[in-house]
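User: I am new to this structure and would be grateful for a close look at one helix and its surroundings.

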Amino acid sequence: MKFTLSWLRDHLDTDASVEEIAETLTDLGLEVEGVTDPAAQLAGFSLGYVESAAPHPDADRLRVCQVRTAEGVQQIVCGAPNAREGITVVVARPGTYVPGIDTTIQVGKIRGVESHGMMASEREMELSDEHDGIIELPSGEVGQRFSDWLAEHDPARVDPAIEIAITPNRQDALGVRGIARDLAARGLGTLKPEEDVTVPGAFASPIGVSIDADTLDGCPHFTGRLIRGVRNGPSPQWLQDRLRAIGLRPISALVDITNFFTFDRARPLHVFDAAKVSGDLRVHRAAGAETVTALDDKEYTLAAGMMAISDDHGVESIAGIMGGAASGVTEGTTDVFLESAWWDPITIARTGRTLKVNSDARYRFERGVDPAYTLAGLEAATRMILDLCGGEASEVVEAGAAPVETRVVPLDFARCASLVGMDLPEDTQVATLAALGFDRVPGGFSVPSWRRDVQGEADLVEEVARVASLTQLEPRPLPRTQAGVTPPVLTPGQVRERAARRTCAALGLHEAVTYSFIDRATAELFGGGGEATRLENPISSEMSHLRPALLPGLLQAAARNQARGFGDFGLFEVGPAFDGGEPGEQHTQVTGLRIGRTGPKDVAGESRAVDIYDVKADAEAVLAALGAPAKAQILRGGAAWWHPGQHGTICLGPKKVLAVFGAVHPRVLAALDVKGPAMAFTVWPEAVPLPRQQGATRPPLDLVDLQAVERDFAFVVDREVDALTLVNAAQGADKALIETVRVFDQFEGGALGDDKKSLAIAVRLQPRDKTLTDADIDAVAQKIVAKVEKATGGTLRG
């Protein structure tokens with residue numbers, strides 16, 4: 001929305017500068033996007049008087065002028081044909097920027113003669129395209145600023161223009177009067193009273209209007225009148241200047257008047273050439289396939305349900321958007337039918353988007369114009385047409401009635417303090433709302449017809465607050481809900497998620513955030529893809545199901561990175577995975593993925609391919625950060641997307657799985673186009689038991705002053721027996737006394753045969769209450785041997 005300062009002052013009695021107005025508008029919520037001030041561009045130009053003009057000694061078309069300026073008489077070389085003695089001119093002194101030629105004037109020599117400035121033409125100052133000669137002024141004092149002279153004699157040339165951004169809920173600010181009303185409510189001036197215009201009709205209108213019954217919801221009110229005997233010449237200069245200032249091209253008096261009301265009162269109008277209208281005008285919904293050539297000379301095909309204005313011959317206008325070229329006015333138009341109607345915003349918006357046509361009328365109607373001003377706008381426009389174009393007006397023809405609803409919104413004056421934090425007196429709030437057009441009535445405040453966006457109490461509070469200025473808010477700390485130390489805000493689960501993220505980042509993994517939706521084929525690879533997780537309305541076929549795990553999203557991200565030349569990297573994600581679509585059918589996972597090598601190749605040969613032990617260490621580090629017990633078992637039995645021989649689950653028991661780590665199954669990698677091997681881990685934070693003590697203090701350091709004892713055992717077992725099975729059996733022999741069990745040797749072949757192998761383990765015993773005797777150690781050793789033999793079927797190697 002763009003307007004000029006003089007235009008605003010037609011509605012607002014104010015002496016405020018353009019800078020004050022721009023700052024206030026932004027503070028009111030009408031953000032100023034730009035201010036164009038021609039006077040600022042002309043600030044360096046001043047008036048001078050040519051005392052003499054002699055021919056240039058070395059050029060026939062140049063003249064050497066002696067010009068009296070504020071700095072005294074200056075010599076200026078000029079090539080304009082009208083440069084002569086005795087005229088008042090506009091001078092650009094050295095150092096002045098001339099916008100029309102994009103040059104800063106300097107002292108220089110022209111054909112050997114020194115010149116101290118320039119006498120300017122209108123084009124050089126971007127006032128017009130006139131450049132046949134320099135400007136000659138009929139009056140003016142030497143040294144006077146040219147911008148001041150223009151403000152006195154031709155103010156339209158230096159009228160500042162302000163452009164503001166309009167939010168969808170402020171349709172009233174699409175007219176200059178609505179903007180003036182806001183400024184007056186702030187106290188930046190006084191809103192001038194609105195003239196009540198009624199033009200009596202001299203004869204009955206030969207053109208009638210009607211609205212089809214099925215169209216009343218889209219056009220409840222349609223008014224118009226015939227004006228005969230008009231002269232449709234150029235509009236007066238003041239009107240042309242205003243339209244040009246806001247970027248519109250003056251066309252003719254009739255068209256310019258309708259454009260003026262569009263921006264002055266946010267009231268779009270349309271004029272038909274009455275001689276080109278056959279019969280009466282009918283507002284109806286299109287049946288479909290009707291065509292109309294609009295005023296932009298483009299042909300549009302109407303779809304069924306769109307609203308149109310037609311005469312006996314066919315469609316004459318796309319209702320509320322753009323008139324038709326066939327019935328448009330021209331210089332020869334003498335009789336016009338002026339139309340003012342109210343159109344349903346949703347229907348107008350839908351039609352405009354479908355036809356891909358934009359206009360100032362559509363922009364306002366789809367946001368909602370003032371329904372109460374439909375007839376008043378017709379009367380005001382009629383008066384302007386009669387004043388500027390002459391003619392005689394008929395009686396008003398009208399169909400339907402204005403859809404003005406009486407809305408009363410209650411307001412508790414204390415809500416301003418509770419909602420916004422501004423404690424304003426009751427009389428201040430009442431005065432503010434009254435200045436904006438809200439009248440106090442029993443039960444609250446009546447909403448004016450031009451503010452369809454105000455629906456509830458919070459909207460009234462917003463109006464009061466923005467007029468009072470939100471810059472007046474004083475910062476206040478929130479009241480404490482309880483004395484003492486503030487309890488933690490984050491839940492234990494949120495604390496664990498943060499700890500997991502920090503740990504994964506510290507391990508060198510890069511965090512990824514992937515979609516919670518994946519395609520069905522990928523979901524089936526990870527145990528999902530069923531009806532319980534299928535979306536009813538997916539945004540694409542690649543996002544049809546909720547993800548059953550985080551790993552598929554990371555693998556897809558890995559495939560995209562590999563396709564772009566990145567082969568060595570690590571990713572992780574913390575987020576939900578889904579078992580179904582109901583509340584509670586989701587769980588949090590921490591998943592990491594390593595692909596490629598541990599680092600770039602080097603001369604020391606330290607770079608190697610990532611392996612299962614890297615992700616095992618990652619999973620254990622995350623579990624340690626989450627507070628998981630230090631002692632845990634590692635078992636088999638992972639899901640089908642893990643490599644059957646290269647994975648493990650970290651458990652507190654057969655049914656208490658905390659994490660899983662290992663190599664991703666080659667079948668899954670091939671399906672997702674990932675170049676393997678790929679090592680990954682998944683941790684379930686919710687499965688980690690919460691600490692028994694919830695306090696912030698750490699437990700006391702538990703140091704043991706008794707000597708640990710370590711014993712080695714070697715067992716002969718079948719070749720198919722996992723070392724993990726043997727380690728778990730030995731660990732379970734005495735959980736209180738046995739601290740660690742680790743494999744330190746494996747031997748196959750030789751005297752053992754092809755179907756046997758030897759596994760050697762080191763068992764560390766840590767007593768806590770007394771030093772172990774040989775009998776104690778032997779008793780534990782016997783338990784270990786018995787447990788291992790039972791679990792593996794092996795024997796102690798002699």
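Analyst: The following account concerns helix α5 and its packing, and then turns to a sheet. This is a predicted model, in which local features need pLDDT of at least 70 and side-chain atom pairs count only at pLDDT 80 or more, while totals for chains, interfaces and linings use all residues. Residues are numbered from 1 along each chain as its sequence is written, and side-chain values use heavy atoms, with hydrogens and water left out.

Helix α5 spans residues 176-186; helices are DSSP runs of H or I with at least four residues, strands are runs of E with at least two, and both are numbered from the N terminus. Ten of its eleven residues are buried, so α5 is largely enclosed by the rest of the structure. Buried means under 20% relative accessible area, exposed over 50%, and partly exposed in between, with a 1.4 Å probe and protein chains only. Among the buried residues are Val176, Arg177, Asp182 and Leu183. Glycine 187 follows α5 and has a positive phi, near 100°.

Helix α2 (residues 18-27) packs against α5 at an angle of about 90°, the axes being 10 Å apart. Axes are lines fitted to C-alpha atoms, for helices over the stretch in contact, and angles run from 0 to 180 degrees between N-to-C directions. The two helices, α2 and α5, are therefore roughly perpendicular, a term for angles of 65 to 115 degrees. Ile21, Thr24, Leu25 and Asp27 of α2 meet Ile179, Leu183 and Arg186 of α5, where contact means heavy atoms within 4.5 Å.

Elsewhere, four strands form an open antiparallel sheet in the order β40-β41-β39-β42; strands pair if DSSP finds at least two bridges between them.

How values were computed: Parallel < 35°, antiparallel > 145°, perpendicular 65-115°, else oblique.
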